[in-house]
Amino acid sequence: MNTAAANIGGTPQVPDIVIVTGMSGAGRSTAAKSLEDLDWFVVDNLPPGLLATMADLAERGQGAVPRIAVVVDVRSRAFTTDLQSAFDELEARGAHPRVVFLEASDEVLVRRFESVRRPHPLQADGRIVDGIARERELLREVRAEADLVIDTSALNVHELRGKIVSFFGGEGNESSLRATVVSFGYKYGLPVDADLVVDCRFLPNPHWIPELRPHTGRDAPVRDYVLSQPGAKEFLDAYTEVLRLLVRGYEREGKHYVTLAVGCTGGKHRSVAMAEQLGGRLRDEGLDLQVVHRDLGRE
């Protein structure tokens, strides 16, 4: 395990704490294992009321644990109350826990439970969908306050691990903001983990130009066509300035992650080109950023 020494004879080092929670079947165990592989000290299924005790133990001794990931779920009846009390106690002692919330669509969660032939922990005498509905309601407030929401509906194990590594693998500056720009097609639904959504459907659709239709927004002919349209450059200039303001505000508020979704009809042409442009501009601002094209190749 990679540990950092505490300040010998001084104030104990306050560990970096990440809470991994979310829907049963959405990949909490995979996320925890991924963090463990990144040298985080991982505790699975810890009751929320013991979070402060865990942090206290991590601070003790000369070999303090600098980074703790804790997996918590709703098996505790007082889950929300206990978790909020734990957060308040941790904040009072100088720790600022981050919450990673994993979720997936009802259809995907049902399929995952059926594939392993396990009941949902909250379904009682009902169906799997009943347990999912109860859990989603219990977690509603936690999700709303989460620092990072990851929708695993379309992710396999390796892709989820890749996302965890991208967010936590290169952490050197705890205060840095990490951003994801994701292109998508409206006909496939909004990305549920988006913090901001941009609509590019005000631009002419290259789909209706036969020579452009086979290409994507990554290809020069489509990119040049999209960027040459009236309003495209003005939109990029104006929205980049808005994002500069938002990024500074997020950093002041201690937000660590932000996801910007850029949409068009099918997620192949306009949104891809504009997402690449916005990503490039934000990288030029020094932001730690990745660009993902969710629906590219889906048609």
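This passage walks through strand β1, the annotated site that begins at its end, and the largest pocket of the model.

The structure is a predicted model, in which local features need pLDDT of at least 70 and side-chain atom pairs count only at pLDDT 80 or more, while totals for chains, interfaces and linings use all residues. Residues are numbered from 1 along each chain as its sequence is written, and side-chain values use heavy atoms, with hydrogens and water left out.

A good place to start is β1, which spans residues 16-22; strands here are DSSP runs of E with at least two residues, helices are runs of H or I with at least four, and both are numbered from the N terminus. Of the 7 residues in β1, 7 are buried, where buried means under 20% relative accessible area, exposed over 50%, and partly exposed in between (1.4 Å probe, protein chains only). Asp-16, Val-18, Val-20 and Gly-22 cover one side, and Ile-17, Ile-19 and Thr-21 the other. Strands are said to pair if DSSP finds at least two bridges between them. In the parallel sense, β1 pairs over 5 bridges with β3 (residues 67-71), where Arg-67 is the bridge partner of Asp-16. A parallel pairing over 5 bridges also joins β1 to β4 (residues 98-103), with Ile-19 bridged to Val-99.

The UniProt record, an unreviewed entry, places a "binding site" at Gly-22, Met-23, Ser-24, Gly-25, Ala-26, Gly-27, Arg-28 and Ser-29; UniProt positions follow the numbering used here, feature names are shortened, and annotations may be inferred rather than shown by experiment. Gly-22 is buried, with a relative accessible area of 1%. Leaving aside neighbours within four places in sequence, Gly-22 is in contact (heavy atoms within 4.5 Å) with Arg-28, Phe-101, Leu-102, Glu-135 and Leu-139. Gly-25 lies in the loop between β1 and α1 (28-37) and is partly exposed, at 33% relative accessible area. With the same neighbours within four places set aside, the contacts of Gly-25 are Leu-109, Arg-112 and Phe-113.

Turning to the largest pocket, a pocket is an open set of points on a 1 Å grid over the protein atoms alone, where a 1.4 Å probe fits, with protein on both sides within 12 Å along at least five of seven lines; lining residues have an atom within 4 Å of a point. Its lining holds 28 residues, with Asp-151, Ala-154, Leu-155, Asp-193 and Arg-294 nearest the centre. The largest share of this lining, 4 residues, comes from β5.
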